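Work through the exercises below with the model open. Try each task before reading its solution.

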Amino acid sequence: MNAHLPLEHRLALITGATGAIGAATAALLAERGARIVAVDRPGTDFAALEAALGAALVAVEADVTDERSVQAYVAAALAVTGRIDVFFNNAGIGGPVARIADYPIAEFRKVMAVNVEGVFLGLKHVLPVMQAQESGSIVNAASASGVTGSPGMWGYNASKHAVVGLTRVAATEAAPHGVRVNCIAPGPIRSPMMGRLDDAIGSEEAKRARGIPARRYGLASEVAGVVAFLASDDSTYVNGAVHAIDGGLTAI
Ligand SMILES: NC(=O)c1ccc[n+]([C@@H]2O[C@H](COP(=O)([O-])OP(=O)(O)OC[C@H]3O[C@@H](n4cnc5c(N)ncnc54)[C@H](O)[C@@H]3O)[C@@H](O)[C@H]2O)c1
């Protein structure tokens with residue numbers, strides 16, 4: 001007899017799904033029984049994810065900053081089982097690292113568009129679906145940069161603080177309807193995004209300067225594990241919270 005899978009019969013919608021954290025989370029949620037609707041930018045190559053997930057995957061190209069595209073990815077998710085049980089609102093970009101005098105407003109706006117407007121639009125179109133179902137779990141991707149100051153990351157830091165705010169507002173609106181909205185706050189995770197940041201700061205110095213008590217970067221699989229917990233019925237009274245996944249970074 002098959003062991004019970006905690007996310008069996010659940011539909012999980014993931015934005016930024018081909019990125020380091022999105023792909024690791026898609027794989028783990030699928031392993032635990034979920035069908036996955038994977039959203040990423042137009043022109044994205046989903047081949048690796050398709051090879052890993054097979055029939056469990058539906059791939060959707062959409063720009064999370066465009067409301068019509070968001071409506072389209074929500075419709076594509078609903079077309080699979082008529083429900084959205086889990087929403088990992090994860091797409092994000094890092095933006096430049098620079099002193100404020102050198103930080104272009106156009107780059108600031110670009111980061112806010114993806115990281116804040118993209119998350120807002122995802123909430124705007126997924127929350128009503130979950131509220132009508134009277135169930136569902138949303139996990140927004142914030143960051144340790146959403147609870148502390150990261151030098152030079154003006155847009156990113158502001159955007160991730162905003163994600164914490166959006167999470168808290170959404171949780172208060174959603175909770176009476178049996179829907180949960182949490183966010184995760186990963187510290188530096190081994191990923192292309194972190195690689196680009198390290199290049200901007202200077203890799204070895206960056207690692208030393210970050211002073212992570214665990215003395216290493218996190219793994220995308222370690223983020224996926226927390227998202228899977230928040231997606232599951234093991235966390236039914238966990239709502240509106242910011243979950244650090246940072247090797248102790250924000251404990252100091
Ligand atoms: N990597 C880290 O160290 C780290 C730490 C804390 C938080 N985070 C957050 O976790 C999330 C995932 O990060 P990651 O490390 O997997 O990054 P990544 O760059 O590997 O993945 C991000 C994904 O988002 C997609 N994306 C970007 N803009 C988009 C848009 N407009 N529409 C649709 N998709 C878009 C990209 O194509 C990419 O696949 C981000 O929100 C990031 O800010 C990452």
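Ala, Val, Leu, Ile, Met, Phe, Trp, Tyr, Cys and Pro count as nonpolar, Asp, Glu, Lys and Arg as charged, and the others, Gly among them, as polar. The model is predicted.

**Exercise 1. The second largest pocket**

Task: Find which residues line the second largest pocket, and sort the lining by class.

Solution.
- Start with the volume. The second largest pocket holds about 180 Å³ of space.
- List the lining. Phe-120, Leu-123, Lys-124, Leu-127 and Pro-128 belong to it, along with Leu-166, Val-169, Ala-170 and Glu-173.
- Assign elements. Helix H4 (105–133) and H5 each give two or more residues to this lining. H4 gives the most, with five residues.
- Sort by class. Seven lining residues are nonpolar, two are charged and none is polar. Under the class rule, Lys and Glu count as charged, and the lining includes Lys-124 and Glu-173.

**Exercise 2. The shell around the ligand**

Task: State how many residues surround the ligand, and which elements each supply at least two of them.

Solution.
- Count the shell. The ligand is surrounded by 28 residues.
- Pick out the closest. They are Ile-21, Asp-40, Tyr-156, Ile-189 and Ser-191.
- Map the shell to elements. Helix H1 (20–31), helix H5 (154–174) and helix H6 (192–201) each supply at least two residues. H6 has the largest share, three residues.
- Sort by class. The shell has 15 nonpolar, eight polar and five charged residues.

**Exercise 3. Polar contacts and cover**

Task: Identify which side chains place an N or O atom within 3.5 Å of a ligand N or O atom, then give the cover of the ligand.

Solution.
- Take the ligand nitrogen. A polar side-chain atom of Asp-63 is 2.9 Å from a nitrogen atom of the ligand.
- Turn to ligand oxygen. The side chain of Lys-160 has an N or O atom 2.9 Å from an oxygen atom of the ligand. For Thr-18, the distance from a side-chain N or O atom to a ligand oxygen is 3.4 Å.
- Give the cover. On its own the ligand has 820 Å² of accessible area, and the protein covers 94% of that.

**Exercise 4. An aromatic pair**

Task: Classify the pair formed by the rings of Tyr-73 and Phe-87, and say what parts the pair ties together.

Solution.
- Search the whole structure. Two aromatic pairs turn up.
- Take the geometry. The ring centres of Tyr-73 and Phe-87 are 6.4 Å apart and the planes make 40°, so this pair is tilted.
- Place the partners. Tyr-73 sits in helix H3 (residues 67–81) and Phe-87 in strand S4 (residues 86–89), so the pair ties together parts 14 residues apart in sequence.

Conventions. Residues are numbered from 1 along each chain as its sequence is written. This is a predicted model: local features need pLDDT of at least 70, side-chain atom pairs count only at pLDDT 80 or more; totals for chains, interfaces and linings use all residues. Side-chain values use heavy atoms; hydrogens and water are left out. A residue is near a molecule or strand if one of its heavy atoms lies within 4 Å of it. A polar contact is a pair of N or O atoms within 3.5 Å; within protein, one must be able to donate a hydrogen and the other to accept it, and residues adjacent in sequence count only if both atoms are side-chain atoms. Accessible areas come from the Shrake-Rupley method with a 1.4 Å probe; for residues, only the protein chains shown count as cover. Helices (H or I, at least four residues) and strands (E, at least two) are DSSP runs, numbered from the N terminus. On a 1 Å grid over the protein atoms alone, a cavity is a set of points where a 1.4 Å probe fits but cannot get out, and a pocket is an open set with protein on both sides within 12 Å along at least five of seven lines; lining residues have an atom within 4 Å of a point. Grid points are joined across faces, edges and corners, and a volume is the space filled by probe spheres set on the points. Rings of Phe, Tyr and Trp (its six-membered ring) pair if their centres lie within 6.5 Å; planes under 30 degrees apart count as stacked, over 60 as edge-to-face and the rest as tilted.
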